[in-house]
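Work through the exercises below with the model open. Try each task before reading its solution.

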Amino acid sequence: MRCVKIVCVGQNYREHIREMSSDEPAEPVLFLKPPTSLIGDGEAILIPEGIGTVHHEVELALVIGTGGRDVPEEEALSHVSHLAVFNDVTARDVQTAARKAGLPWALAKGMDTFAPMSGPIPSDRVPDLRSLDLELRVNGELRQKGNTAQMIFPPERLISYISRFMTLEEGDIIATGTPSGVGPLRPGDIVEAAVAGVGTLRNPVQRR
Ligand code: MG
């Protein structure tokens with residue numbers, strides 16, 4: 001599966017918005033990660049020297065099977081061919097500095113290995129995307145727990161909204177946002193993310 005772009009949704013769970021001291025958005029907050037940030041299950045998340053705190057964010061990923069633009073909400077889910085567990089790894093100190101200065105998040109979100117994703121499963125194996133438990137553990141300790149029912153903008157709304165502005169293509173990935181409980185990753189950690197019925201994702205963390 002060739003990935004052209006990874007569209008990520010920020011601030012899509014209220015509890016996470018609160019922990020980040022942000023305001024609830026009126027429209028989905030979007031940013032991109034480059035395909036070079038993708039790694040698979042078991043591969044190492046590499047933290048470069050001198051970038052400060054790096055956080056985990058467990059998310060449900062939608063993989064586009066049929067591309068499109070101006071996709072109506074009622075048809076949106078038919079454009080999704082696969083689902084996966086995604087970890088939106090974030091250089092939080094770099095992001096916080098960028099936010100304060102009104103600058104983009106591209107570097108904070110887009111470093112190599114900052115988009116671990118599980119092997120995608122066919123989306124027709126999951127009947128309802130709006131009731132999936134998400135969970136993330138670091139070294140076995142529970143850090144994040146949520147449910148996709150808590151999304152502010154559900155998957156069909158996200159696909160429809162994104163496709164008004166960016167043409168979706170086969171293989172594109174949409175990361176749908178993280179629940180609360182984000183926290184630091186350190187070299188030597190093992191981070192395990194899970195979305196019930198979708199899969200699990202386990203990655204060691206190393207100094208680059
Ligand atoms: Mg995120």
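Three exercises follow, on a metal site, a sheet and a core.

This is a predicted model, where local features need pLDDT of at least 70, side-chain atom pairs count only at pLDDT 80 or more, and totals for chains, interfaces and linings use all residues. Residues are numbered from 1 along each chain as its sequence is written, and side-chain values use heavy atoms, with hydrogens and water left out.

**Exercise 1.** Find the residues that coordinate the magnesium ion.

Solution. Start with the donors (N, O and S atoms within 2.8 Å of the metal, or 3.2 Å for Na, K and Ca). Glu-57 (OE), Glu-59 (OE) and Asp-88 (OD) coordinate the ion at 2.0 to 2.1 Å. Next, read their spacing in sequence: E-x1-E-x28-D. Water is not among the atoms, so the site may look incomplete.

**Exercise 2.** Give the strand order of the open sheet of five strands, then find its edges.

Solution. Strands are DSSP runs (E) of at least two residues, numbered from the N terminus. Two of them pair if DSSP finds at least two bridges between them. The order is S4-S16-S15-S11-S12, with mixed pairing. S4 and S12 (141-147) each have a single partner strand, so they stand at the edges. Now check one pair: S11 and S12 run antiparallel, joined by six bridges. Within S12, Lys-145 is the bridge partner of Glu-135.

**Exercise 3.** Which residues touch the most other members of the largest nonpolar core?

Solution. Such a core joins buried (under 20% relative accessible area, 1.4 Å probe, protein chains only) Ala, Val, Leu, Ile, Met, Phe, Trp, Tyr and Cys residues through side-chain atoms within 4.5 Å. This one has 45 residues, and Leu-83, Ile-174 and Val-198 touch the most other members. Strand S6 (58-64) is among the contributing elements. S6 gives the most, with four residues.

Key
Buried < 20%, exposed > 50% of the residue type's maximum accessible area, 1.4 Å probe, protein only.
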